[in-house]
Amino acid sequence: MNPNWIAPSILSANFAKLGEEVDNVLAAGADVVHFDVMDNHFVPNLTIGPLVCEALRKHGVTAPIDVHLMIEPVDRIIPDFAKAGASIITFHPEASVHIDRTLQLIRDNGCKSGLVFNPGTPLHYLEYVMDKLDMILLMSVNPGFGGQSFIPSALDKLRQVRKIIDDSGLNIRLEIDGGVKTDNIRAIKAAGADTFVAGSAIFGQPDYKKVIADMRAELALAG
Ligand code: DX5
Ligand code: ZN
């Protein structure tokens, strides 16, 4: 796989033909499928659950599925997502009373695990669980909707987390989610991200291959 992962968020795909959309975006060069799960409780929107994840697997999707849980509580649904074919499951620390237990539960179910930080969520949640993380996801918008603008302070937060990961010596991916576009992806990469969620920037264009190629060209310029 590429060192830099481009993860289209299917939140902005055409849900009436989701299998085809996912096939097309993967054929266009995407690395992973970003799967946004919302419950109209933790965030003010309602989306998709394990049935849709399973349907994508049955449709033939073999790429990693990166399940971003914006739901509360999280533990009950984790085994369902694992059975449905999730590869990575991330959740927000505010949504779990027992973060350590939830991270372990994800790994016990055979998935990669990760924590998600809202723009206003402090990083101290990382302190005692670094060894249980495969992914740290920083939100660069407040979660709930696609198509919002990138919050610039996320760049400083990325730099902080990049240092924490590097100092730890652990193999943890650093993902960014919200307002990622061709014109800011280079700066985001330079700040330390290696996994780039993009919803409206990709699905809002007619030619997915061109957007993804343009993003990769920008990433290459970041060195
Ligand atoms: C927002 C979701 C994102 C969203 C990103 O709550 O977690 O994954 O789809 O959409 P864009 O790339 O349009 O900001
Ligand atoms: Zn997301």
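In this predicted model, H34 is buried, with a relative accessible area of 0%. H68 also counts as buried, at 0% relative accessibility. Both histidines serve as protein donors of the zinc ion (ligand 2). H34 binds through NE2 and H68 through ND1. Two aspartates, D36 and D177, complete the list of protein donors, each through OD. The donors lie 2.0 to 2.3 Å from the zinc ion. Along the chain, their spacing follows H-x1-D-x31-H-x108-D. H34 belongs to strand β2 and H68 to strand β3, so the pair ties together parts that are 34 residues apart in sequence.

The geometry at the zinc ion (ligand 2) is octahedral, because the six donor atoms around it subtend angles of 69 to 170°. The assignment rests on a cut-off: opposite donors must be over 155 degrees apart and all others between 65 and 115. Ideal angles for six octahedral donors are 90 or 180 degrees.

Internal space was examined next. Rolling a probe the size of a water molecule over the atoms shows where empty space is left. The structure holds one cavity of 30 Å³ or more. The volume of the largest cavity is about 200 Å³. Its lining comprises 25 residues. F145, G146, G147, D177 and G178 lie nearest the cavity centre. D177 is also one of the zinc donors. Four elements each supply at least two lining residues: β2 (33-38), β3 (65-70), β8 (195-198) and α7 (200-203). By class, the cavity lining divides into 11 nonpolar, 11 polar and three charged residues.

The largest pocket contains about 180 Å³ of space. W5, P64, S87, I88, K112, D134, M135, N171, I172 and R173 line this pocket. Five of the pocket-lining residues are nonpolar, two are polar and three are charged.

Several buried side chains were then considered. I188 sits in helix α6 (residues 185-190). I188 counts as buried because its relative accessibility is 0%, and the cut-off for burial is under 20%. Beyond its sequence neighbours up to four places away, I188 touches F150, L155, L158, I176, V180, A193 and F196. One of these partners, L158, is 30 residues from I188 along the chain. Their C-alpha atoms are separated by 7.9 Å.

M130 occupies the loop between β5 (112-117) and β6 (135-139). M130 is buried, with a relative accessible area of 12%. Apart from neighbours within four places in sequence, M130 is in contact with I136, I164, I165, S168, L170 and I172. Of these, I172 also appears in the lining of the largest pocket. N171, another residue of that lining, has its C-alpha atom 9.9 Å from that of M130. M130 and N171 are 41 residues apart along the chain.

K157 lies in helix α5. Although a lysine, K157 is buried, with a relative accessible area of 13%. Setting aside neighbours within four places in sequence, K157 is in contact with F117, N118, P119, T121, L123 and L138. P119 is 38 residues away from K157 along the chain. The C-alpha atoms of K157 and P119 are separated by 8.7 Å.

Q148 is found in the loop between β6 and α5 (154-168). At 30% relative accessibility, Q148 counts as partly exposed. Outside the range of four places in sequence, Q148 touches V141, N142 and G179. Q148 and D100 are 48 residues apart in sequence. In space, they stand 31 Å apart, C-alpha to C-alpha.

Two features of the backbone remain. Most residues other than glycine have a negative phi, and most peptide bonds are trans. N40 is not a glycine, yet its phi is positive, at about 60°. N40 lies in the loop between β2 and α2 (50-59). At 53% relative accessibility, N40 counts as exposed. The peptide bond joining E72 and P73 is cis, with omega about 0°. P73 is found in the loop between β3 and α3 (78-83).

How values were computed:
Residues numbered from 1 in each chain as written. Chains lettered and ligands numbered in written order. Predicted model: local features only at pLDDT ≥ 70, side-chain atom pairs only at ≥ 80, totals over all residues. Heavy atoms only, no water. 1 Å grid on protein atoms, 1.4 Å probe; cavity = no way out; pocket = protein on both sides within 12 Å on 5 of 7 lines; lining within 4 Å. Points joined across faces, edges and corners; volume = space filled by probe spheres on them. Nonpolar A, V, L, I, M, F, W, Y, C, P; charged D, E, K, R; others polar. Buried < 20%, exposed > 50% of the residue type's maximum accessible area, 1.4 Å probe, protein only. Contact = heavy atoms within 4.5 Å. Donors = N, O, S within 2.8 Å, 3.2 Å for Na, K, Ca; no water. Tetrahedral: all angles 85-135°; square planar, octahedral: opposite > 155°, others 65-115°.
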